[in-house]
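Student: I should like to learn how to read the features of a structure that is new to me. May we look at it together?
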Amino acid sequence: TVEIKDLHKSFGSLEVLKGIDFTVETGQVVCVIGPSGSGKSTLLRCVNLLEQPTSGRVVVEGIELTDPDVDIDAARRRLGMVFQQFNLFPHLTVVRNIMIAQERVLKRKRAEAERIARENLEKVGLLEKADAYPAQLSGGQQQRVAIARALAMNPTLMLFDEPTSALDPELVGDVLGVMRQLAEDGMTMLVVTHEMAFAREVADRVVFMDQGVIVEDGPPQQVIGDPQHERTREFLRRVL
Ligand code: ATP
Ligand code: MG
């Protein structure tokens, strides 16, 4: 379970998050939608403390990440993050890309790290690319490697920030398919996305954010199918 309580974030005088409250139950998929600049990325970055919240609490599996006494590196290890940019090491093969954090951060032995890397490559359908270099893969394949790399760290929560928005349209489906399979396997996921069909079909809840607040939070049939607020309706008119 992930609990976000009265989360505020300002950059100087710019107040980007103005009191965000929601919970992701274990095994749930929550999709966050909203216009550009509404604070979606800032929210995800506050959840894994890439940004320090100005105030409020983030609690993951009972551990308060915002507690100044918490071992933040240990806590953050349980969070997998996948960004728009894949950030693979270009000079390392695919399998080495997935092994490196396992060895350095989790102190796994090389053979174990390689076994787990290959298991996760199989999960994303890319075992045959284990010994290729990132430049030899398509964008969609690179993003699936980035997902495998995050999964190899045994996260309790996966955070995705528009993982398909840098991809050519014909490559989006494979990445969404991997994410859909993860959801079916019971992974807890918080996903910022513009893919309304994915949100509608895969999300347990959809959160619509605008100007740093949550405007609507509910099941997709409600928030996307029958929005209650004019701001949500206006946004959906533009993206659907
Ligand atoms: P998009 O859909 O375009 O990705 P978003 O909803 O993810 O938008 P954020 O990236 O969270 O929006 O940005 C929200 C606001 O915070 C924007 O006005 C942005 O300029 C500002 N912002 C984000 N990061 C910083 C920063 N490090 N310093 C100053 N302002 C920032
Ligand atoms: Mg963003």
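Student: At what angle do helix 3 and helix 5 pack, and how far apart are their axes?

Tutor: Please keep in mind that this is a predicted model. In general, two packed helices are described by the angle between their axes and the distance between the axes. Here, helix 3 and helix 5 pack at an angle of about 30°, and their axes are 8 Å apart. Angles under 35 degrees count as roughly parallel, and helix 3 and helix 5 are therefore roughly parallel to each other. The crossing of helix 3 past helix 5 is right-handed.

Student: Which residues make the contact of helix 3 with helix 5?

Tutor: Helix 3 contributes V94, N97 and I98, while helix 5 contributes V145, A148 and R149. Sorted by class, this contact has four nonpolar residues, one polar and one charged.

Student: How many of the residues of helix 3 are buried?

Tutor: Eight of its 11 residues are buried, so helix 3 is largely enclosed by the rest of the structure. The buried residues are V94, V95, N97, I98, M99, I100, Q102 and E103. Helix 4 and helix 5 are among the elements that cover them.

Student: What is the relative accessible area of Q102, and which residues does Q102 contact?

Tutor: Q102, a residue of helix 3, is buried, with a relative accessible area of 0%. Neighbours within four places in sequence are left aside when its contacts are listed; Q102 is then in contact with K107, R108, E112, A113, I116, A117, A152 and M153. As for its place relative to L7, the two residues are 95 residues apart in sequence and 31 Å apart in space, C-alpha to C-alpha.

Student: K107 appears among those contacts. Where does K107 lie, and is K107 buried or exposed?

Tutor: K107 lies in the loop between helix 3, residues 94-104, and helix 4. Its relative accessibility is 62%, so K107 counts as exposed. The backbone is also worth reading at this point: phi of K107 is near 60°, a positive value in a residue other than glycine.

Student: What is the value of phi at Q211, and where is Q211 found?

Tutor: Q211 is not a glycine, yet it has a positive phi of about 50°. Q211 is found in the loop between strand 9 and strand 10, the latter spanning 213-218. With a relative accessible area of 52%, Q211 is exposed.

Student: Let us return to the helices. At what angle do the axes of helix 4 and helix 5 cross?

Tutor: The axes of helix 4 (residues 110-123) and helix 5 (residues 139-151) cross at roughly 135° and come within 9 Å. That makes helix 4 oblique to helix 5. The crossing is right-handed. N120, L121 and K123 of helix 4 make the contact with V145, A148 and L151 of helix 5. By class, there are four nonpolar residues, one polar and one charged.

Student: How do helix 5 and helix 6 cross, and which residues make their contact?

Tutor: The axes of helix 5 and helix 6 (residues 169-184) come within 8 Å and cross at roughly 20°. The two helices are therefore roughly parallel to each other, and their crossing is right-handed. From helix 5, the contact involves G139, G140, Q143, R144, I147 and L151; from helix 6, it involves L171, D174, V175, V178, M179 and L182. These residues divide into seven nonpolar, three polar and two charged.

Student: How many aromatic pairs does a search of the whole structure find?

Tutor: A pair of aromatic rings is described by the distance of the centres and the angle of the planes. The search of the whole structure finds one aromatic pair. F208 and F235 form this pair, which is tilted, with 5.3 Å centre to centre and 40° between the planes. The pair links distant parts of the chain: F208 is in strand 9 (residues 205-210) and F235 is in helix 9 (residues 230-239), 27 residues apart. Both F208 and F235 are buried.

Student: Where does R57 lie, and which residues does R57 touch?

Tutor: R57 lies in strand 4, residues 55-60. Its relative accessible area is 35%, so R57 is partly exposed. Not counting residues up to four places away in sequence, R57 touches E3, I4, K5, L7, E64 and T66.

Notes:
Residues are numbered from 1 along each chain as its sequence is written. Chains are lettered from A and ligands numbered from 1 in the order in which they are written. This is a predicted model: local features need pLDDT of at least 70, side-chain atom pairs count only at pLDDT 80 or more; totals for chains, interfaces and linings use all residues. Side-chain values use heavy atoms; hydrogens and water are left out. Axes are lines fitted to C-alpha atoms, for helices over the stretch in contact, and angles run from 0 to 180 degrees between N-to-C directions. Helices (H or I, at least four residues) and strands (E, at least two) are DSSP runs, numbered from the N terminus. Angles under 35 degrees count as roughly parallel, over 145 as roughly antiparallel, 65 to 115 as roughly perpendicular and the rest as oblique. A crossing is left-handed if the near helix is turned anticlockwise from the far one by less than a right angle, and right-handed if clockwise. Contact means heavy atoms within 4.5 Å. Ala, Val, Leu, Ile, Met, Phe, Trp, Tyr, Cys and Pro count as nonpolar, Asp, Glu, Lys and Arg as charged, and the others, Gly among them, as polar. Rings of Phe, Tyr and Trp (its six-membered ring) pair if their centres lie within 6.5 Å; planes under 30 degrees apart count as stacked, over 60 as edge-to-face and the rest as tilted. Buried means under 20% relative accessible area, exposed over 50%, partly exposed in between (1.4 Å probe, protein chains only).
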